[in-house]
Amino acid sequence: AKNINLSHNMSKSKEYKAWAKMKERCYNPNTERYLIYGGRGITVCDEWKNSFEKFYEDMGDKPSPQHSIDRINVDGNYEKDNCRWATEKEQALNKRNTLYVEYKNENKPLSELCKNYDLNYKSVWKQHEKGFTFEEILIKYNK
C-alpha cells in the first residue's frame, strides 16, 4: 500500500470522502440516510471505523468518479470481505428490493431481463407474481 500521510495528501481525496460518508451514514443520526444504514444496525468494522489508512489499504483507489463503496450483502456491515467499489448501475442491482428470477439456470434481476427483451416491467412482474416463469412470460409475449 502507498505510504499515507493523511495530514498532507489524503484528507481531500475521493477515498477519504467515501470513508467519512460511510461512517456518517452509520453513526450520525442527523444524517439524511442514517435510518437505512445505522438506524437498521449497519456498522463499520472497528479496523475501518478507527483508521482511514486501514480502509484505504483494504479498498485501494476508487477506480473512477462513477464508483462508490458498495456492500455486497446489503444487510451486512462495512468490512473488507463485504465491500467493493461499484458503479451506480451495479449498485442498483444490489438492493433489498431487487427481484431476481431464474432464467437459463441463472438468477437474474427481473428489471434487467425486461430491458433486454423490451418488456414492460410492471406487466412482467404481475405475471411473475401469478406464478409464471420468465420463460413462460417470454412465450406469452412472443419474444
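A helix, in the sense used on this tour, is a DSSP run of H or I covering at least four residues, and helices are numbered from the N terminus. Keep in mind throughout that the model on your screen is predicted.

**The whole chain**

Begin with everything shown as a cartoon, and follow the protein from the N terminus, where the elements run in the order α-α-α-α-β-β-α-β-β-α-α-α; in total there are eight helices and four strands. The radius of gyration is 20 Å, well over the 15 Å that the globule rule gives for 143 residues, so the protein is more spread out than a compact globule. If you turn the model along its principal axes, the C-alpha atoms fill a box of roughly 60 × 30 × 25 Å. Of the 143 residues, 35% count as buried.

**Helix 4 and its salt bridges**

Next, select residues 52–59, which make up helix 4, and show the side chains of Lys54 and Glu57, which are three residues apart there and therefore separated by about one helical turn. These two side chains form a salt bridge, in which the closest N and O atoms are 3.6 Å apart. Lys54 is partly exposed at 28% relative accessible area, and Glu57, at 48%, also counts as partly exposed.

Now add Asp58 and Lys80, whose side chains meet in a salt bridge with an N to O distance of 3.9 Å. Because Lys80 lies in the loop between strand 1 (67–71) and strand 2 (83–87), while Asp58 belongs to helix 4, this pair ties together parts that are 22 residues apart in sequence. Asp58 counts as buried, since its relative accessibility of 19% falls under the 20% cut-off, whereas Lys80 is partly exposed at 49%. With all four side chains displayed, you can look at a network of salt bridges that links Lys54, Glu57, Asp58 and Lys80.

**Another pair**

Move on to Glu106 and Lys108, and show their side chains, which meet in a salt bridge at 3.9 Å from N to O. Glu106 is partly exposed at 44% relative accessibility, and Lys108 is partly exposed as well, with a relative accessible area of 25%. Over the whole protein, the count comes to seven salt bridges.

**A positive patch**

Finally, select Lys122, Lys126, Lys130 and Lys140, and switch on the surface, where these residues gather in a patch of positive charge. Lys122 has its place in helix 7, which covers residues 121–129. Is Lys122 buried or exposed? With a relative accessibility of 60%, Lys122 counts as exposed.

Conventions: Residues are numbered from 1 along each chain as its sequence is written. This is a predicted model: local features need pLDDT of at least 70, side-chain atom pairs count only at pLDDT 80 or more; totals for chains, interfaces and linings use all residues. Side-chain values use heavy atoms; hydrogens and water are left out. Patches are made of residues with over 30% relative accessible area and no salt bridge: like charges are joined within 9 Å, nonpolar side chains (Val, Leu, Ile, Met, Phe, Trp, Tyr) within 5 Å. Accessible areas come from the Shrake-Rupley method with a 1.4 Å probe; for residues, only the protein chains shown count as cover. Lys and Arg count as positive and Asp and Glu as negative; His and the chain ends are not counted. The place of a charge is taken as NZ of Lys, CZ of Arg, CG of Asp or CD of Glu. Helices (H or I, at least four residues) and strands (E, at least two) are DSSP runs, numbered from the N terminus. Buried means under 20% relative accessible area, exposed over 50%, partly exposed in between (1.4 Å probe, protein chains only). The radius of gyration is taken over C-alpha atoms; the globule rule is 2.2 Å times the number of residues to the power 0.38.
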